[in-house]
Amino acid sequence: MATKANIEEHKNVWVFAEQNNGKLAKVSLEMLGEGKKLANKLGVELIAFLIGDNVKTSAETLIAYGADKVYLAEDPELKDYRTELYTDIICNKANEEKPEILIIGASAIGRDLTPRVSFRLNTGCTADCTELDIDEEKRLLISTRPAFGGNVMATIICPDHRPQMSTVRPGVMAVPEADASRKGEIINIPVEIKADQIKVRILESIEKEHEGDKIEDAAKVIGMGIGASDPESVEYIKELAKLLDAKIGGSRPCVEKHLIDHEVQVGQTGKNIRPELYIPCGISGTVQHTTGITNAKYTIAINKDPNAEIFKFANLGIAGDAKVILPAIIKEIQKYKA
Amino acid sequence: MKIIVTIKQVPNVTKVKWDADGSLIRAGLPTIINPVDKHALEAALQLKEKHGGEIIVISMGPGQVKSALREALCMGADEVIQLTDRKFAGADTWATSYALGCAIQKIGDYDLIISGVEAMDGNTAQVGPQLAEYLKLPLLSYALGIESDGKTIQIQQKLGDVERKIEADLPALITVEKEINDYRVTPMDKILEAFEKEIPVWEAADVDADLVHLGLKGSPTKLRKVFSPKIEKGKVQMLEGTPEEIARQVADKLNEKFLI
Amino acid sequence: MDFTLSPINKMVIKAGKDFCERRVPEIDAYMAEHGDYPPDLLERFAKASMLGFDVPKEYGGLETTNLNLILLIEEFGKTGSTCFLPLLMNNSVAETICHWGSEELKKRVVPPLCDGSAWATMAFTEPDTGSDPKMLTTTAKPDGDDFIINGCKRFISMANKPGYGVFICKDLSLAGQPHDSTAFIIDKNSPGISCSGHYELTGLDGADTCDIYFNDVRVPKENILGKPGEGFNVLLRWISGERIQQAAGMVGVGQRAFEESKKYSLQRIVNGMPMGYMQGFYWMLGEMKVKVDACRLMVYNAVTRQDAGKNFDTVSAEVKIFTTPLIQEVTRMGVQFHGSYGYSKEYLIEKLFRIAMHQGVVASSLEINKTIVGMTALMTK
């Protein structure tokens with residue numbers, strides 16, 4: 001276990017880059033952007049860790065997005081994500097190279113891999129951070145994340161153990177600009193996989209089809225809340241979404257009522273959205289929801305309660321019944337389109 | 001099949017109240033079993049119905065965690081174990097996984113460990129994988145379905161956009177999503193039996209845990225501060241008038257911003 | 001008398017609430033569409049072990065108190081669902097058979113009532129009598145080792161469902177004697193039995209109440225419940241328990257009426273503030289609460305006597321006399337509270353009002369109960 005004595009030996013910021021069939025996950029690019037800021041503040045290198053099969057071009061992409069070095073581990077057995085193999089490779093290299101920070105995107109894979117790595121490295125990990133920063137005086141990673149079900153924010157540090165690990169949810173950080181002219185080093189890591197190392201067998205792997213855009217990428221989103229979950233309001237929401245070419249998302253209670261799919265749940269345990277236009281209807285604006293909408297550019301909120309929290313996040317607010325307001329808005333927009 | 005289910009007692013964070021200064025009121029918040037853990041226990045109960053065996057539910061927490069364990073007995077667990085000790089207090093996920101791991105090693109001889117993906121208060125989803133690492137077990141996470149022949153275990157895994165069928169030899173550790181099942185209503189006969197059962201309490205010494213890795217001191221991560229989230233007191237413009245007048249203003253604004 | 005609920009009682013309520021929240025809506029949806037109970041309704045209850053409360057474990061029961069049963073029933077009452085009727089019937093008929101039945105009968109009939117494979121029925125009422133055994137026209141004629149049943153029973157719940165019913169018949173082998181009614185356990189699938197269509201009732205939406213006809217139905221004498229001539233006593237004892245259980249359900253109905261009104265009063269804005277803050281309305285809420293609380297205590301008191309093995313005929317009649325008008329008043333106030341919305345089927349309150357109206361006329365009328373209490377009071381030294 002890392003004790004205070006060898007902390008000085010740990011240097012550099014690592015980012016684990018996730019890929020699927022050679023395509024880099026967007027969240028990993030977001031991590032690179034964030035990692036670069038951290039590395040710059042510490043005056044150290046940003047190193048990406050890429051594991052897969054035949055993914056050399058992705059390694060080059062990582063350099064374009066800011067990595068100074070890429071550790072590349074390739075093998076046919078590594079093509080599909082496997083907890084134990086990926087953990088083994090990362091931990092072995094980490095014990096050898098001693099990074100001071102390791103950040104990973106909190107995708108499903110990231111949330112499966114990171115705790116396993118952090119436990120084996122006897123170090124701390126802060127999950128689902130919304131903000132990362134450096135205490136330059138103490139050379140510490142400062143991670144901020146929602147806690148208590150999203151009702152408070154907590155700032156967490158890992159002072160005595162290395163590497164300091166954190167995960168960040170997709171869509172929270174921005175994707176940096178790519179610069180194809182950037183130079184960097186790709187370092188191949190020798191991979192030797194023994195048959196008995198493979199504890200989990202992958203029998204089948206199917207990529208899910210999604211109809212059209214994911215809500216995280218949608219330019220316009222209409223939010224369905226419990227206050228607009230009656231059949232009439234739902235119809236109006238669908239009509240408005242069609243009219244504006246918007247995607248319908250919503251709060252967790254509406255997912256639980258089976259009105260919308262979990263895939264379009266917006267908020268702390270759902271997705272973060274960053275649309276040009278967001279129209280939450282009948283959503284009260286609990287922190288669990290609003291953590292997912294702070295990046296919306298323009299928000300028009302509709303709620304019966306003039307004191308609803310959601311209005312603190314809106315540009316325009318309408319204190320009224322969605323059943324009454326929505327059809328009126330639909331009519332007016334139709335006039336414009338005519 | 002000997003199945004161990006780990007559960008957590010959490011404050012019901014959906015029922016949170018705030019005081020006049022905008023700080024969270026933690027006192028008096030009702031506690032519940034972390035909802036997805038009930039799905040984990042249900043998964044264990046269904047496996048037991050198919051393969052026979054026993055289910056042991058374990059939970060780490062202060063004294064009141066007893067009521068969560070009693071509820072687990074009511075749902076149908078055969079045995080429960082309470083891990084309570086001041087030395088466990090203040091643990092982050094690493095120290096929690098370590099403590100649970102020690103206790104599970106003490107129980108020993110198990111075929112399967114099932115836990116929920118994450119707790120509704122912390123939402124870190126770390127304990128399951130960390131526990132698997134400590135016990136050196138294959139990890140099958142995000143299970144939407146479980147099948148077993150008694151020697152190997154297969155899950156339908158939801159890994160983001162990819163759905164996989166993965167398999168491992170027992171013993172293994174599975175984390176479940178709430179979509180995996182609709183957990184049963186606590187049956188009356190189990191309720192009547194549950195209150196006859198003992199709930200043993202294990203302390204740090206009982207599980208041969210190294211104090212260095214326990215509690216606040218044993219946690220690699222430390223809480224620096226807690227604060228209320230920045231509520232951006234943006235200047236919202238509240239629209240007034242009849243629905244038609246309001247709608248007109250909205251449509252005008254949307255047109256102005258080239259959103260129509 | 002300490003009415004503090006034990007941890008087990010509380011867990012029973014919690015499980016009941018959970019069932020009502022997660023399982024009853026789909027039961028109600030089925031009933032709304034089909035006008036009848038889902039065919040596997042009893043299996044759903046059995047899965048949650050809700051059948052056989054006051055029945056010994058050896059016959060498949062839970063061997064627990066009637067208090068636990070009525071705590072559960074109050075939760076069902078709060079839903080406004082009709083599905084509590086079969087739940088009660090299977091429980092109370094199983095208990096009745098355990099009380100009066102031979103060992104053979106108990107072993108044969110009680111387990112299916114507890115595992116959900118048989119629907120229970122209790123039948124006395126006929127076209128011309130609801131409470132007078134001398135007016136019974138359904139006859140049981142002795143024929144060797146059997147009896148032949150002929151006649152008609154009216155307004156019988158679960159009559160058209162497979163399982164066992166307790167039918168109170170005029171026992172022709174006892175002709176001329178003062179007590180000539182005998183209780184028979186009859187398999188409702190027996191040849192010669194047929195049923196009419198459902199009656200459409202004011203409330204209890206979806207209930208399967210119908211007439212059941214007996215045309216030379218053969219029943220072995222082993223199926224006599226209790227002794228020949230004891231039929232009316234079997235019924236009276238069953239009804240005493242039924243009254244308490246029915247009242248518990250109505251307490252739930254009243255409680256829900258109160259909660260719906262409270263919710264409405266906080267949402268409905270009058271003159272810029274929630275109407276609940278106006279004196280006229282919070283006075284109404286206060287009155288509703290008092291009535292419901294008092295009714296609940298009456299039920300608890302009666303069920304405590306029942307569980308203690310004491311005679312509970314009179315006290316259960318008192319419960320009925322007390323709770324019926326009060327709960328009906330609470331639901332009426334609830335309708336009034338909601339204004340014109342209270343008269344619309346979009347709100348739950350009108351359904352609660354219609355359910356409450358059954359208590360005075362089903363399972364012994366209000367008037368019969370007044371007779372029981374009044375006469376007993378008069379006759380007691």
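Start in chain C and select helix α9 (residues 313–337) together with helix α11 (residues 366–379): the two pack at an angle of about 130°, with their axes 9 Å apart. Helices here are DSSP runs of H or I with at least four residues, strands are E runs of at least two, and both are numbered from the N terminus. The axes are lines fitted to C-alpha atoms, for helices over the stretch in contact, with angles running from 0 to 180 degrees between N-to-C directions. This is a predicted model, in which local features need pLDDT of at least 70 and side-chain atom pairs count only at pLDDT 80 or more, while totals for chains, interfaces and linings use all residues; side-chain values use heavy atoms, with hydrogens and water left out. Residues are numbered from 1 along each chain as its sequence is written, and chains are lettered from A and ligands numbered from 1 in the order in which they are written.

Given that angle, α9(C) and α11(C) are oblique to each other; under 35 degrees would count as roughly parallel, over 145 as roughly antiparallel, 65 to 115 as roughly perpendicular, and the rest is oblique. Their crossing is left-handed, meaning that the near helix is turned anticlockwise from the far one by less than a right angle (clockwise would be right-handed). Now show side chains. On α9(C), pick out C:Thr314, C:Ala317, C:Glu318, C:Lys320, C:Ile321 and C:Thr324, which meet C:Leu366, C:Asn369, C:Lys370, C:Ile372, C:Val373 and C:Thr376 of α11(C). Contact means heavy atoms within 4.5 Å. Colour the contact of α9(C) with α11(C) by class and you get five nonpolar, four polar and three charged residues. For the colouring, Ala, Val, Leu, Ile, Met, Phe, Trp, Tyr, Cys and Pro are nonpolar, Asp, Glu, Lys and Arg are charged, and the others, Gly among them, are polar.

**Chain C against chain B**

Stay with chain C and bring up chain B. Here 20 residues of chain C are in contact with 13 residues of chain B. The two bury about 1400 Å² between them, 70% of it on carbon and sulfur atoms; buried area is the accessible area (1.4 Å probe) that two parts lose on being put together, summed over both. Select C:Ile8, C:Met11 and C:Arg22, which lose the most area to chain B in chain C, together 36% of what that side buries.

Next, go to C:Lys14 and B:Glu71, a salt bridge whose closest N and O atoms are 2.9 Å apart. The rule asks for a side-chain nitrogen of Lys or Arg within 4 Å of a carboxyl oxygen of Asp or Glu, and it counts three salt bridges between chain C and chain B. Try chain A with chain C and you'll find that they do not touch, their nearest C-alpha atoms being 10 Å apart.

**Chain A against chain B**

Of the two pairs of chains in contact, A and B share the most contacts. Select the interface: 83 residues of chain A are in contact with 79 residues of chain B. About 7300 Å² is buried between these chains, 60% of it on carbon and sulfur atoms. Highlight A:Phe119, A:Phe148 and A:Tyr336, which supply 11% of the area that chain A buries against chain B, more than any other three residues.

There are 10 salt bridges across this interface. One to zoom in on is B:Arg224 with A:Asp135, the closest N and O atoms being 2.7 Å apart. B:Arg224 sits in strand β14 (residues 222–227) of chain B and A:Asp135 in strand β8 (residues 131–135) of chain A, so the pair joins two chains. Then find A:Glu263 with B:Lys158, at 3.7 Å between the closest N and O atoms.

**Helix α8 of chain A**

Select helix α8 (residues 322–337) of chain A and helix α6 (residues 243–256) of chain B, whose axes come within 8 Å and cross at roughly 50°. The pair is therefore oblique, and α8(A) passes α6(B) in a right-handed crossing.

Now swap α6(B) for helix α5 (residues 231–244) of chain A, which packs with α8(A) at about 25°, axes 9 Å apart. That makes α5(A) roughly parallel to α8(A).

**Backbone stops**

Most residues other than glycine have a negative phi, and most peptide bonds are trans. Look at A:Asp128, which has a positive phi of about 55° although it is not a glycine. The peptide bond from A:Arg162 to A:Pro163 is cis, with omega near -5°. Finish in chain B, where a cis peptide bond joins B:Leu170 and B:Pro171, with omega about 0°.
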